[in-house]
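The exercises below are meant to be worked with the sequence and the model side by side. Try each task before reading its solution.

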Amino acid sequence: LQNLVTAVEKLGRGKVMKAVEREMLFQSVADLRNEYLGEAIKRITEPVEIMLPDKLLSSLSASGERLTGEAAATDELPTMHDLRRYVQLLVTELERVESCPELLLKDIIRSVRSSVLFFATRLEQVVDSSNEIQCLRETEGRLQLISPLPMPAPGHARNARLFGIAHHTLTALKELLPQRFQQAVVTEQVTSTLKQTQAAVVTPIFGSLHQSLIKASMGTSDDLTAVCQAAGHLNRYYFSLFGAGQLQGHVKEFCVFAVRCFLSAASLVKPCGPQERSILVRDMEVLESMLSTLEPDFQTRIRYEASVMNEFKKLLGTTAGSLDFEELMNVIPLHLLLTYLVHQVEVPIPSLPDSLQLRKADYLEAEALPLWEEKPQALENLKANVRHLFEKCHLAPTQSPLIAFVIQKCR
């Protein structure tokens, strides 16, 4: 086939052969081409079936629960060596047909993508979704640690391995595939399918922490302490099952969310006198302890959120009368500063959630947290809500510098 392509190209350069004749010549070797493609597809599909055989998949229930002995399941999973050999095999197939771009290369690229997607799909089928990790329970509206705290089951170790396999597959593709094939093979679909497997493993864990943190931010110091202790337990016994650095992105994302959630909730506290501010500072120290446990270098890893938290702590230690509002705008996001100052107004007025007839937790999720994404419309909505509240309560700039500043910034 390669010799045929070369000969046709030479004829083409001499303008001996017309396009129609060229196409007819290629069609005459269609059987040979199809036979080659069939063998090539088999060569790049069989390794997937060897690494994740039907026997392994059929020994798992639909929920991912092992039906015939859990211990062997993790042992049967492909190793990093297996993954690199698999990607090297894909590279060999691509390079073999590189000289036949029209007859073979396009089809082989498509088949290589299909092979990786096939692997990712089978990989997700082995995820054990039957072992939920519950470290907290809600009793009479309060969060409490479960006693004794749960320890990892064999299924959790398997899931950690699967997460790592998806991670190493992406790494191997990016490292071993020649640059000229990267864009065509490592497509958005391939990347998202492998990340979907990772999400199936970690989303339930971090999703549960997210919801618990929202409840704790609207609750008491004891609630927050319970969530932070649960996060520490997960970090010590569950996150340690994953390969070094593999969870770094997810942990960073959670740390960012934790700071944003806490600060947004703190800005909604009303009344917020010296006693309440003192409690918030202590709670912030508990949160910082959790962040240090999850990400020892969190001050650098989430630099922006960490600096806002440090400045907000200083803000809590300063009385409203001595605040330099313009200076605060340089270190604290406007949405957070406005929300905090609205709830510092000494004149009796409703809180922002009350003015919108929302529960604080609902306001936190629907209104306050999206403001961190810095979408202009969200900030305009906040300003409009504040304007409406101040107008309804007949607040004027002459009543205090704080009120004057808020009114000016909400125009």
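## Exercise 1: Two partners, two degrees of cover

**Task.** Decide whether glutamate 295 is buried or exposed, and find how arginine 301 compares with the cut-offs for burial.

**Solution.** This is a predicted model, and the steps rest on its atoms.

Step 1. Glutamate 295 counts as buried because its relative accessibility is 11%, and buried means under 20%.

Step 2. Arginine 301 has a relative accessible area of 27% and is therefore partly exposed.

Step 3. The side chains of these residues, arginine 301 and glutamate 295, meet in a salt bridge with an N to O distance of 3.6 Å.

## Exercise 2: Salt bridges across the sequence

**Task.** Find which parts of the chain are linked by the pair arginine 180 and glutamate 98, and then where aspartate 128 and arginine 158 lie.

**Solution.** Step 1. Arginine 180 and glutamate 98 form a salt bridge in which the closest N and O atoms are 2.4 Å apart. Arginine 180 belongs to helix α9 (residues 179–185), while glutamate 98 sits in the loop between α6 (80–96) and α7 (101–125), so that the pair links distant parts of the chain, 82 residues apart.

Step 2. Glutamate 98, with a relative accessible area of 28%, is partly exposed.

Step 3. A salt bridge also joins the side chains of aspartate 128 and arginine 158, at 3.6 Å from N to O. Aspartate 128 is in the loop between α7 and β1 (136–139), and arginine 158 is in helix α8 (residues 154–176), so this pair ties together parts that are 30 residues apart in sequence. Both aspartate 128 and arginine 158 are buried.

Step 4. The count of salt bridges comes to 20, and a network of them links Arg33, Asp107 and Arg110.

## Exercise 3: The surroundings of alanine 265

**Task.** Work out which residues are in contact with alanine 265 once its neighbours within four places in sequence are left aside.

**Solution.** Step 1. Alanine 265 is placed in helix α12 (residues 248–266), and its relative accessibility of 3% makes it count as buried.

Step 2. With the neighbours within four places in sequence set aside, the contacts of alanine 265 are Ser217, Met218 and Leu364.

Step 3. Threonine 339 is 74 residues from alanine 265 along the chain, and the C-alpha atoms of the two are separated by 9.9 Å.

## Exercise 4: Backbone exceptions

**Task.** Find where the cis bonds lead into a proline, beginning with the peptide bond from serine 147 to proline 148, and say which sign phi has at glutamine 357.

**Solution.** Step 1. As a rule, most residues other than glycine have a negative phi, and most peptide bonds are trans.

Step 2. The bond from serine 147 to proline 148 is cis, with omega near -5°, and proline 148 has its place in the loop between β2 (142–145) and α8. The bond from lysine 270 to proline 271 is cis as well, with omega near 0°, and proline 271 lies in the loop between α12 and α13 (274–294).

Step 3. Glutamine 357 has a positive phi, near 55°, and lies in the loop between α18 (352–355) and α19 (360–368). Its relative accessible area of 74% makes glutamine 357 exposed.

Step 4. Histidine 394 has a phi near 55°, which is positive, and is found in the loop between α20 (376–392) and α21 (401–409). Histidine 394 is exposed, with a relative accessible area of 68%.

Key. Residues are numbered from 1 along each chain as its sequence is written. This is a predicted model: local features need pLDDT of at least 70, side-chain atom pairs count only at pLDDT 80 or more; totals for chains, interfaces and linings use all residues. Side-chain values use heavy atoms; hydrogens and water are left out. A salt bridge is a side-chain nitrogen of Lys or Arg within 4 Å of a carboxyl oxygen of Asp or Glu. Helices (H or I, at least four residues) and strands (E, at least two) are DSSP runs, numbered from the N terminus. Buried means under 20% relative accessible area, exposed over 50%, partly exposed in between (1.4 Å probe, protein chains only). Contact means heavy atoms within 4.5 Å.
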